[in-house]
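Biologist: I am new to this one. Could you walk me through how to read it, feature by feature?

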Amino acid sequence: MKTGMIDASKIEAMIAQLRAAATRPDGPVSPIQGEKPAAKVDFAGALKSALDQVNGAQTKSEELAKKFVLGDDSVNLSDVMINSQKANIAFQATIQVRNKLVSAYHDIMNMQV
């Protein structure tokens, strides 16, 4: 029997899964067999990687612009403009993240202990 576009057996299976999850004891959830736990993310490494990506986008944009100015026929004006805008957007996003981090730092430093 179908109710609209959803099969009733699928709904019943979901309800059974929810009931089974509700009856499980609270506690640490064991990982699925064969699944590795998530690796810890190093904040400094993630930040450096993101900054390197932004730097790479800016470098690529500058190289394409330089090639276009020198008359390289393999570079289109549209490619230059698109890469320039990508680099600009990435840089603006980086500035916004920096501003949020500085704001969070100031909020933490102004907390009463």
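Modeller: Gladly! Let's begin with the order of the elements: from the N terminus on, they run β-β-α-α-α. That makes three helices and two strands. Please keep in mind that this is a predicted model.

Biologist: How many residues does the protein have, and what share of them is buried?

Modeller: The protein has 113 residues, and buried ones make up 7% of them. As for the outside, the protein exposes about 10300 Å², with carbon and sulfur atoms supplying 61% of that area.

Biologist: How do I check the length of a helix against its residue count?

Modeller: Multiply the rise per residue along the helix, then compare with the ends. Helix 3 has 33 residues, which at 1.5 Å a residue should span 48 Å; the end C-alpha atoms of helix 3 are 48 Å apart, so the two agree.

Biologist: Which residues of helix 3 are buried?

Modeller: V80, N83 and A87 are buried there. The cover over the buried residues of helix 3 includes helix 2.

Biologist: Let's take N83. Why does N83 count as buried?

Modeller: The cut-off for buried is under 20% relative accessible area. N83 has 13%, so N83 counts as buried. N83 sits in helix 3, which covers residues 77-109. Beyond its neighbours within four places in sequence, N83 is in contact with K60, S61 and L64.

Biologist: Now the charged side chains. How many salt bridges does the structure hold?

Modeller: One. K48 pairs with D52, and their closest N and O atoms are 3.2 Å apart.

Biologist: Why can two residues on one helix pair up like that?

Modeller: Here is the general idea: an α-helix has 3.6 residues a turn, so residues three or four places apart point the same way. In this case, K48 and D52 are four residues apart in helix 2 (residues 43-69), so about one helical turn separates them.

Biologist: Are K48 and D52 buried or exposed?

Modeller: K48 is exposed, with a relative accessible area of 51%, while D52 is partly exposed at 40%.

Biologist: And what about nonpolar residues on the surface?

Modeller: Look for a patch of them. F43, L47, L51, V97 and L101 make a nonpolar surface patch of about 450 Å². Helix 2 and helix 3 are the elements that give two or more residues to the patch. The largest share, three residues, comes from helix 2.

Biologist: Where is L47, and how accessible is L47?

Modeller: L47 lies in helix 2, and its relative accessibility of 35% makes L47 partly exposed.

Conventions:
Residues are numbered from 1 along each chain as its sequence is written. This is a predicted model: local features need pLDDT of at least 70, side-chain atom pairs count only at pLDDT 80 or more; totals for chains, interfaces and linings use all residues. Side-chain values use heavy atoms; hydrogens and water are left out. Buried means under 20% relative accessible area, exposed over 50%, partly exposed in between (1.4 Å probe, protein chains only). Contact means heavy atoms within 4.5 Å. A salt bridge is a side-chain nitrogen of Lys or Arg within 4 Å of a carboxyl oxygen of Asp or Glu. The expected span of a helix is 1.5 Å times one less than its number of residues. Accessible areas come from the Shrake-Rupley method with a 1.4 Å probe; for residues, only the protein chains shown count as cover. Patches are made of residues with over 30% relative accessible area and no salt bridge: like charges are joined within 9 Å, nonpolar side chains (Val, Leu, Ile, Met, Phe, Trp, Tyr) within 5 Å.
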